[in-house]
Structure formats: C-alpha cells, structure tokens
Amino acid sequence: MFGVAWVQKLNEWLLCQQVKHAMRRLEFKNPINWIFNPAASIVAGKLNEDSLIYYCVDEYSAINGVDAKRFRELERNLLERADLVLVSAENLRQSKLSIRPSIHLIRHGVDYKHFSSALDDSTSVAEELRGLPSPIIGYFGLMSDDWVDPDLLEALAERFTEGSIVLIGKVAMDLSSIADKPNVHILGRKSYASLPTYCKGFDVAFIPFPITELTINANPLKAREYLASGLPVISSAIPEVEVLGSCGIAHSPREFCDAIERAYQSPSNRQELSRTMEDESWEARVQHISELFAASIDTQEQHSSDVKVH
C-alpha cells in the first residue's frame, strides 16, 4: 500500500500518536527531534518539538531496494526545515549544499578507550583466533551486497591460502564461493565488548567496500576502531578513509592483496597507530555538536525576536 495517499496519512497520524504518547509517559519537556533517517521526516514538526536536527550519515537514496525518489523528497523536506543539519562525510555535505547552504561536517568518532584496550597485556586474544595461521586478515561489520565486494573477498581467499581470512558480523549476502575454503572463517555476530579481543588477534584489518554512490558517501566507523586497536588498515578507495591518512588504499583486488602483504611483512608500530585516534573521541564530537546546537538556538531566538519586532 506504499504510495497510497490516505494510507500514508493514516500511518503518519498513528506514528505521531504513538510517539506523543511515549513522550507524555516519559514526561518530556522542550523536546528535540533528532533525525538520522529521512523516513522519519514524516513526523518532523508534528511533535511539538522545540528544535529539529537532521544528522545525515549515509546517502540513503543509494541503498539497494529503497524508493530513491521518495527518499530524496523526504530528505529535501528535512534539509529545508531542520534548525541544524549535520553530515558525517564531506561528500554528503557537498551533495546537499544546493538545498541547504549551512551544513556542518561532523565526522565519526571512536570509543578510543574500548578499542585501544586491544593493546593491553591484560586483553587476551579471542579463543576462536588462537592457533589460526598468520597472517590473520580481519573484518568486522555487516556483510551485504551494499557494503562488501564479493570479488575482493574471493581474491583475498585465493591469495592468502596459507593465512586466515576472518569475517565477523551479520551475513546478509551470498558467501558460498568462499564459505568452504579452509582459510576462510565466518564467525557470525560478536558482542561489541568482545571486539578488542578479536582485534588483538588480527595481523591486518580491512574494509572491502565496493565503490558505489553509497560507499563514497560513507564514513566507516570501523576504520577508526581498527586504528585505535593499533591495526594496520587496508581499504578500498573510500574518501573518508583516505582523509585519515593512516590507512593503505587500494584500487583493485590485486592492489588490495599486495597492500595487505606489505602491511603484514613490514608491520607498523601498533602503539603509534593507536595514538593517531587519541583525539578522535566521541566526547570531542559531542562537544562540537553541543556548541553548534547552542549557536542554532541563538539564531532561532534572534529570528523570533526579529519577527515580533516587524
């Protein structure tokens, strides 16, 4: 029924009522509507919110299976109405400036204390990695056609037959071409708390994104998490990984394999790699956002005063 006008209106009304009920139960005062997904723009401005923030962390219209035109319409509404617009990648900022001139770039941070614990003597290597032949080439994150290049995984599996390819996370794609290879270990989902124990056992971490409109606008959290763990990182040519200046960048499966081999054969100082992320904490990002939000409130109040005067 998506696209039927009266059904959409009914869904919007029901969603607003549910959210308002929850807000009353939680005794919300002066609510701030903070939206990450354009789909939520259907309730923007309908919840008696004091402020509306849109924080864009992906090019949602480029995700497989979504109605791209509809998502662009929903996002345009947010860009035009929000009191504050934040994006996590420079490409996202550039692509939306024609709609909204004032957009602030807030790149992702990292839980530095958590991931740097991979370097602590008290942190043990995850049991599943013990005894695996090196190099242990590791990845954690969602595995789907949007985010993982299967040809690249096959190239890694064929090149490092004496090593181990370790894949951690939800699998939402066909991995049958590599699943039965003895050097490929698909371990499934792991708890966030346990990730440093896996990072401790990796020799090299990798980001096998295909190059698409979606990924060139992405800012992979895992890049900073790998680095904070002290791991050398090899990635496909994603602009927000390149800007870090600490990762190896590859433009083809062969380059990718060569870069991993070099990283393993000539290892970097893990403590030094980790320290490159020391000032990239989420706390620093939140402080910056708080300052931008305070400035937006001042602007709103000034605008309100000007309207009353006129």
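Which residues of α8 are buried? Let's start there, since you all have the model open. The buried ones are K222, A223, R224, E225, Y226, L227 and A228. That makes α8 a mostly covered helix, with 7 of its 8 residues buried. And just past the end of α8, G230 takes a positive phi, at about 85°.

Before I go on, a reminder: this is a predicted model, so everything I quote today is computed from that model.

Okay, the overall picture. We have a protein chain of 310 residues, and 47% of them count as buried. The chain has 12 helices and 12 strands. If you box up the C-alpha atoms along the principal axes, you get roughly 75 × 45 × 40 Å. On contacts: take the pairs in the chain that are at least 6 apart in sequence, and 68% of those contacts join residues at least 24 apart.

Now back to α8, because α8 also matters for the pocket list: helix α8, residues 221–228, gives the largest share of the lining of the largest pocket, with 3 residues. How big is the volume of that largest pocket? About 520 Å³. There are 21 lining residues, and the closest to the pocket centre are F140, G141, L142, L221 and K222. Notice that K222 turns up here as well as among the buried residues of α8. For those of you thinking about chemistry, the lining of this pocket splits by class into 11 nonpolar, 4 polar and 6 charged residues.

Next, cavities. How many of 30 Å³ or more does the structure hold? Just 1. The largest cavity has a volume of about 30 Å³. Its lining is P150, L153, E154, D174, L175, S177 and I178. Two helices, α5 (150–159) and α6 (176–179), each supply at least two residues of that lining, and α5 gives the most, with 3. By class, the cavity lining has 4 nonpolar, 1 polar and 2 charged residues.

While we're on helices, one general point: an α-helix has 3.6 residues a turn, so residues three or four places apart point the same way.

Let's move to a sheet. There's an open one with 4 strands, in the order β1-β2-β3-β4, and the pairing is parallel. Which strands sit at the edges? Those are β1 (32–35) and β4 (104–105), and each pairs on one side only. Helix α2, residues 68–81, packs on this sheet and touches β1, β2 and β3 (84–87). The direction of α2 makes about 130° with that of β2. Looking at the β1 and β2 pair itself, the two strands run parallel and are joined by 4 bridges, with β2 covering residues 51–56. If you want one to click on, I35 has Y54 as its bridge partner in β2.

Last stop, A5. You'll find A5 in helix α1, which covers residues 5–25. Is A5 buried or exposed? Exposed, because its relative accessibility is 55% and the cut-off for exposed is over 50%. And to give you a sense of distance, A5 and N219 are 214 residues apart in sequence, and their C-alpha atoms are 35 Å apart in space.

That's my tour: a mostly covered α8, a largest pocket of about 520 Å³, and a parallel sheet with α2 packed on it.

Notes. Residues numbered from 1 in each chain as written. Predicted model: local features only at pLDDT ≥ 70, side-chain atom pairs only at ≥ 80, totals over all residues. Heavy atoms only, no water. 1 Å grid on protein atoms, 1.4 Å probe; cavity = no way out; pocket = protein on both sides within 12 Å on 5 of 7 lines; lining within 4 Å. Points joined across faces, edges and corners; volume = space filled by probe spheres on them. Nonpolar A, V, L, I, M, F, W, Y, C, P; charged D, E, K, R; others polar. Buried < 20%, exposed > 50% of the residue type's maximum accessible area, 1.4 Å probe, protein only. Pairing = 2+ DSSP bridges. Contact = heavy atoms within 4.5 Å. Axes fitted to C-alpha atoms, helices over the stretch in contact; angles between N-to-C directions.
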